[in-house]
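This report describes strand pairing, aromatic contacts and buried side chains. The sequence and the structure are shown first.

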Amino acid sequence: GAGCDAGKTSEEGEQSASLTETWRYPFSFEMTAPRVRPTAYTRGGEEHVLFGAGGHVVSAQLDDGAVEWKSKLDPFFELKCHSFVLSESRAFCSHLEKAVAWNLDSGDQEWTFSSTRNEYGRRFYDTGYVALGPSHFYGSAGGGWLYALEQTSGEVAYKQQFDHLPRGLT
């Protein structure tokens, strides 16, 4: 499982702030360890945290870790984003060669998008290469492609190829 603990003193004997474990989420293999920065969000007046671990995308209550929903990652356990990008009702992240949108209320996968394979592959790149606008999810893919996808459907609203991979989208 994942957890965190610290003693009252550091190795040098200095006083340090103590960390207290509030809750933990178990996972079994190193390859299913959390690799995506947990993302806090509020839904229905309650604070939640969204993270990837144990081969799932998980939404849990922030205060006690009670799992609200889990969505299985298939076929591979690992997400490829650094952190989730959230709209009011959806979470977006990259998973292998595709972009994915999950419903924040249910955890259902609403859509996936894979760019066309080309000589550079078709990888849909990590966060830092994605952004969210009022109605579109923006992301970069192999071969210098920039995509604007409809948040609700994942349909391509716009695409443009550049000489180099578009980075740091805002």
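Rings of Phe, Tyr and Trp, the last taken as its six-membered ring, count as a pair if their centres lie within 6.5 Å. The model examined here is predicted. In the whole structure, a search returns 8 aromatic pairs. One of them joins Phe92 and Phe137, whose ring centres are 4.9 Å apart and whose planes enclose 15 degrees. Planes under 30 degrees apart count as stacked, and the pair of Phe92 and Phe137 is stacked. Phe92 belongs to strand S6 (residues 90–95) and Phe137 to strand S10, so the contact ties together parts that are 45 residues apart in sequence. Phe92 counts as buried, at 0% relative accessibility, and Phe137 is likewise buried, at 1%. Elsewhere, Trp23, Tyr25 and Phe51 form one aromatic cluster.

**The sheet that contains S10**

Strand S10 is part of an open sheet of 4 strands with antiparallel pairing, in the order S9-S10-S11-S12. At the edges stand strand S9 (130–132) and strand S12 (156–161), each of which pairs on one side only. On average, neighbouring strands of this sheet are turned by 15 degrees against each other, direction ignored. Within the sheet, S10 (residues 136–141) and S11 (residues 145–150) run antiparallel and are joined by 6 bridges. Ser140 has Leu146 in S11 as its bridge partner. A charged side chain also meets an aromatic ring: Lys159 lies over the face of Trp145, at 5.4 Å from the ring centre.

**The sheet S1 to S4**

A further open sheet of 4 strands, again with antiparallel pairing, has the order S1-S2-S3-S4. Strand S1 (39–43) and S4 each have a single partner strand, so one side of each is left without a neighbour in the sheet. The average turn between neighbouring strands of this sheet is 25 degrees, direction ignored. Two of the strand pairings are set out below.

| Strands | Sense | Bridges |
|---|---|---|
| S1 and S2 (residues 46–53) | antiparallel | 5 bridges |
| S3 (residues 56–61) and S4 (residues 67–72) | antiparallel | 5 bridges |

In the pairing of S1 with S2, Arg43 stands opposite Glu46 in S2. In the pairing of S3 with S4, Val57 has Ser71 in S4 as its bridge partner. S3 and S4 form a hairpin with 5 residues between them, and Gly65 in the turn has a positive phi of about 80 degrees.

**His56 and Leu73**

His56 lies in strand S3. Is its side chain buried or exposed? Its relative accessible area is 18%, and because buried means under 20%, His56 counts as buried. Leaving aside residues up to four places away in sequence, His56 touches Phe51, Lys70, Ser71, Lys72 and Leu73. Among these contacts, Phe51 is also a member of the aromatic cluster with Trp23 and Tyr25.

Leu73 is found in the loop between S4 and strand S5 (85–86). At 2% relative accessibility, Leu73 is buried. With residues up to four places away in sequence again left out, Leu73 touches Gly55, His56, Val57, Leu79, His95 and Trp102. The C-alpha atoms of Leu73 and Gly55 are 5.5 Å apart in space, although the two residues are 18 residues apart in sequence.

Conventions: Residues numbered from 1 in each chain as written. Predicted model: local features only at pLDDT ≥ 70, side-chain atom pairs only at ≥ 80, totals over all residues. Heavy atoms only, no water. Pairing = 2+ DSSP bridges. Helix = DSSP H or I, 4+ residues; strand = E, 2+ residues; numbered from the N terminus. Axes fitted to C-alpha atoms, helices over the stretch in contact; angles between N-to-C directions. Phe/Tyr/Trp six-rings, centres within 6.5 Å; stacked < 30°, edge-to-face > 60°. Buried < 20%, exposed > 50% of the residue type's maximum accessible area, 1.4 Å probe, protein only. Lys NZ or Arg CZ within 6 Å of the ring centre and 35° of its normal. Contact = heavy atoms within 4.5 Å.
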